[in-house]
Amino acid sequence: MTDMSGRIAAKIDWASDWDRDAALTTAKLLLEIKAVNFRPEEPYTLTSGWKSPVYIDCRKIIYFPRARAKICDLAVEKISRHVGYEAIQAVAGGETAGIPFAAWIAERMNAPMAYVRKKPKGFGRNALIEGDVPEGLNTLLVEDLTTDGGSKIQFAKALREAGAICNHAFVVFFYGVFPGSFETLQEMNISLHHLCTWWDVLEAAKSQPYFSDAALSGVRKFLENPMAWSAAHGGVASAQEALEYKLGKAKG
């Protein structure tokens, strides 16, 4: 959550001790497999136009069987605790990074699995949804991460237009710093569930020699005022600018 200045109002707000342990376990695993990258001198440009000194590569998880098994176990437990054990009837992954996570989660939940394309494939049935359409089923949308929730909206709309009921989305990692994420999804009646955020990574990194003290201090400065940090480094400075940036890229 952000206030009007763009500063984070609540750094870590764990729903329970289990959520805290799950968040820190996930963060430690991401650090261990080197999925966490820090580059303040040459900031990353995220798909929404935000500039960030930190970048998370959740795709690396698929290469590490023990890490991915633990993360997927935590994902299913999180969903069961916050949505319900029998509430989810189907799982849909967002192209492309969400597909493997959706498959592993669906397997554990003994649920049908589909995936949603970013755009129609242009031949055959010209389908946006592959596998089969979970029409009338409570469907969990799965992706690897989210920065501002934009792609979740696109995928959720496609599922709903096809007849699925999609009121819940799950990601392994939520940036938890940029404005508009939860609000935009809430307007569509979509609850976003995640295992960990950058604040959790920062907490987990304190006890492990992955970042220098200077690096940790730099990350904290970004997290405390991401909008100002982004603007100062040539990135977008508001949720509206991020939307316009995305629309411009789509047209281009």
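**Exercise 1.** In this predicted model, find the partner with which Arg20 forms a salt bridge, and decide how exposed the two residues are.

*Solution.* Begin at the side chain of Arg20, which forms a salt bridge with Asp21, the closest N and O atoms being 3.7 Å apart; this satisfies the criterion of a side-chain nitrogen within 4 Å of a carboxyl oxygen. Next, take the accessibilities: Arg20 has a relative accessible area of 32%, and Asp21 one of 42%. Because partly exposed covers the range between 20% and 50%, Arg20 falls in that class, and so does Asp21.

**Exercise 2.** Determine which parts of the chain are tied together by the salt bridge between Arg108 and Asp73.

*Solution.* First, the side chains of Arg108 and Asp73 meet at 2.7 Å, N to O. Then place each residue: Arg108 lies in helix α3 (residues 98–109) and Asp73 in helix α2 (residues 65–82), so the pair ties together parts that are 35 residues apart in sequence.

**Exercise 3.** Establish whether Arg117 and Glu130 are buried or exposed, and where they lie.

*Solution.* The closest N and O atoms of this salt bridge are 3.1 Å apart. Arg117 lies in the loop between β6 (113–116) and β7 (129–130), whereas Glu130 belongs to strand β7 itself, so parts 13 residues apart in sequence are tied together. Finally, both Arg117 and Glu130 are buried.

**Exercise 4.** Describe the largest nonpolar core and the contacts of Phe173.

*Solution.* The largest nonpolar core has 59 residues, and Phe173 is among those with the most contacts inside it. Helix α1 (residues 17–32) supplies the largest share, eight residues. Leaving aside residues up to four places away in sequence, Phe173 touches, among others, Leu30, Ile56 and Trp198.

How values were computed:
Residues numbered from 1 in each chain as written. Predicted model: local features only at pLDDT ≥ 70, side-chain atom pairs only at ≥ 80, totals over all residues. Heavy atoms only, no water. Core = buried A, V, L, I, M, F, W, Y, C linked by side-chain atoms within 4.5 Å. Buried < 20%, exposed > 50% of the residue type's maximum accessible area, 1.4 Å probe, protein only. Helix = DSSP H or I, 4+ residues; strand = E, 2+ residues; numbered from the N terminus. Contact = heavy atoms within 4.5 Å.
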